[in-house]
Amino acid sequence: MFRIYCILTHQFMKELAEIIRESGYELVEEITTGGSERKFWRIKKGTSTYIFIWDENITEYVRILKHLNNKGIGVPKLIEHHHGYAIVEDLGKDSLYGLMRRRVANWLDFYKKAVVELVKLQVDGFPKAPVNNYYDSEHIIWEQNYFKQFFLKQYCQIPDEKIYEIEGDLELLRKKLVEAIKSISYFLMHRDYQSQNIFVKNGKIRIVDFQSARIGPLTYDLASLLKDAYVEIDEKSEDILITYYLNCLNKKGIKISKDNFLASYQLTAIQRHMQALGAFANLSLNKGKKHFKNYIPRALELLNEELKVSEFRNFHRLVSTVKRSFNGKLP
């Protein structure tokens with residue numbers, strides 16, 4: 001099987017290199033850092049570099065990309081689009097994740113810029129967005145099942161009877177979340193607005209990995225940004241950025257009280273952490289991307305902290321037990 005995989009990979013790379021060559025570019029490097037099923041390469045023509053994206057469903061990606069570009073939102077510029085692949089602007093290597101790893105002195109300024117761009121995406125990007133999927137009760141259940149299947153069952157080996165004990169809390173969470181976000185659910189939602197998907201080019205924020213966009217609540221993307229499993233943001237800075245976000249919304253004519261927003265924000269954050277843990281477990285165990293398990297401890301800590309101040313006692317008890325069983329070590 002391994003030999004067949006190698007042959008197929010070799011043949012694919014030969015065909016890819018030929019497509020790139022015929023397009024007038026040369027291959028520079030493969031980009032393998034993300035969790036996407038799509039394939040990325042940095043390519044070159046003259047002194048300029050671009051990103052080559054291989055995806056059987058590239059048409060959906062291009063449709064959203066064009067829409068966001070037309071709305072003036074900071075996404076890559078489309079260079080070429082063909083069957084199965086697209087060539088887009090190279091945004092470079094300065095992601096918010098990289099800036100936070102280096103802990104640049106003015107990191108908060110870049111996060112404020114990311115908040116401004118998020119509001120543009122959510123509000124300005126919503127009218128006539130080519131998106132038919134919604135963050136609704138059905139999708140919330142899907143996220144919860146994803147978390148149970150890949151993180152609790154497969155990664156942590158939690159028996160079914162223990163998982164059954166939290167079903168009541170998960171159902172209550174779903175109902176309370178649906179009710180809490182009812183008035184803020186009709187906006188464009190990136191769905192993975194975190195530090196590794198946000199770049200800085202020429203001082204401006206640029207966004208990638210938006211092809212899973214949905215119509216959904218304002219709170220999910222902000223929770224993804226400020227309660228990020230990849231980097232740590234202190235509580236004071238988080239509060240500053242939440243206030244800044246609400247002020248940006250206010251300038252768009254959207255007025256939300258901070259107390260009401262924070263109630264929805266906490267519930268959404270719990271869902272986001274579950275989704276992230278399910279994804280990290282699935283990617284590391286089933287997709288050959290083992291480095292993603294390195295982010296599980298922080299995602300688990302974030303989920304535990306949210307549940308600690310919630311009414312979901314059985315859920316918190318299970319997560320606390322899982323956290324203690326790791327004892328600083330990953331399975």
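These legends describe close-up views of a predicted model.

**View 1. Five strands form an open sheet.**
The strand order is β1-β2-β3-β5-β4, and the pairing is antiparallel. Two strands, β1 (26–31) and β4 (78–82), stand at the edges. Each has a single partner strand, so one side of each is left without a neighbour in the sheet. From one strand to the next, the twist averages 25°. Strands of a sheet pair through backbone hydrogen bonds, either parallel or antiparallel.

**View 2. Strand β3 has partners in β2 and β5.**
Look at the β2 side. Strand β2 (residues 39–45) pairs with β3 over seven bridges, in the antiparallel sense. Which residue of β3 is the bridge partner of F40? It is I53. The hairpin of β2 and β3 has two residues between the strands. There, G46 takes a positive phi near 65°. Now look at the β5 side. Five bridges join β3 (residues 48–54) to β5 (residues 85–89), and these strands run antiparallel. W54 stands opposite Y85 in β5.

**View 3. Helix α2 lies across the sheet strands β3, β4 and β5.**
The helix covers residues 58–70. Its direction is at about 150° to β4. Y61 lies in this helix, and View 4 follows that residue.

**View 4. Y61 and F210 form a stacked aromatic pair.**
By the rule used here, the model has 21 aromatic pairs. In the pair of Y61 and F210, the rings are 5.2 Å apart, centre to centre, with 15° between the planes. Y61 belongs to helix α2, while F210 sits in the loop between β8 (204–207) and β9 (214–216), so the pair ties together parts that are 149 residues apart in sequence. Are these two residues buried or exposed? Y61 counts as buried, at 4% relative accessibility. F210 is buried too, with a relative accessible area of 2%.

**View 5. Y230 and Y295 form an edge-to-face pair.**
A pair of aromatic rings is described by the distance of the centres and the angle of the planes. For Y230 and Y295, these values are 4.6 Å and 80°. Y230 lies in the loop between α8 and α9 (235–251). Y295 lies in the loop between α10 and α11 (296–308). The pair therefore ties together parts that are 65 residues apart in sequence. Y230 is buried, with a relative accessible area of 15%. Y295 is buried as well, at 14%. Ring pairs also link both residues with Y97, F280 and F292 in a cluster.

**View 6. Helix α7 has its buried residues on one face.**
This helix has 14 residues, 167–180. At 1.5 Å a residue, α7 should span 20 Å. Its end C-alpha atoms are 20 Å apart, which agrees. Which residues of α7 are buried? They are D169, L170, L173, R174 and L177. Seen down the axis of α7, they fall within an arc of 140°, so they line one face of the helix. An α-helix has 3.6 residues a turn, so residues three or four places apart point the same way. What covers the buried residues of α7 includes α5 (137–155), α10 (258–286) and α12 (313–326).

**View 7. Helix α8 is mostly covered.**
How many of the nine residues of α8 are buried? The count is nine of nine, over residues 218–226. Among them are the leucines L218, L222, L225 and L226. T219, Y220, D221, A223 and S224 are buried too.

**View 8. F110 meets the hairpin of β7 and β8.**
F110 is in helix α4 (residues 107–124). At 14% relative accessibility, this residue counts as buried; the cut-off is under 20%. Leaving aside neighbours within four places in sequence, F110 is in contact with L96, L99, V200 and I205. V200 and I205 are themselves bridge partners, with I205 in β8. Four bridges join β7 (residues 198–201) to β8, and the two strands run antiparallel. Their hairpin has two residues between the strands. In the turn, N202 has a positive phi of about 55°. How far is F110 from S310? Their C-alpha atoms are separated by 31 Å, and the two residues are 200 residues apart along the chain.

Terms used:
Residues numbered from 1 in each chain as written. Predicted model: local features only at pLDDT ≥ 70, side-chain atom pairs only at ≥ 80, totals over all residues. Heavy atoms only, no water. Expected span 1.5 Å × (residues − 1). Buried < 20%, exposed > 50% of the residue type's maximum accessible area, 1.4 Å probe, protein only. Arc of directions from axis to C-beta. Contact = heavy atoms within 4.5 Å. Pairing = 2+ DSSP bridges. Axes fitted to C-alpha atoms, helices over the stretch in contact; angles between N-to-C directions. Phe/Tyr/Trp six-rings, centres within 6.5 Å; stacked < 30°, edge-to-face > 60°.
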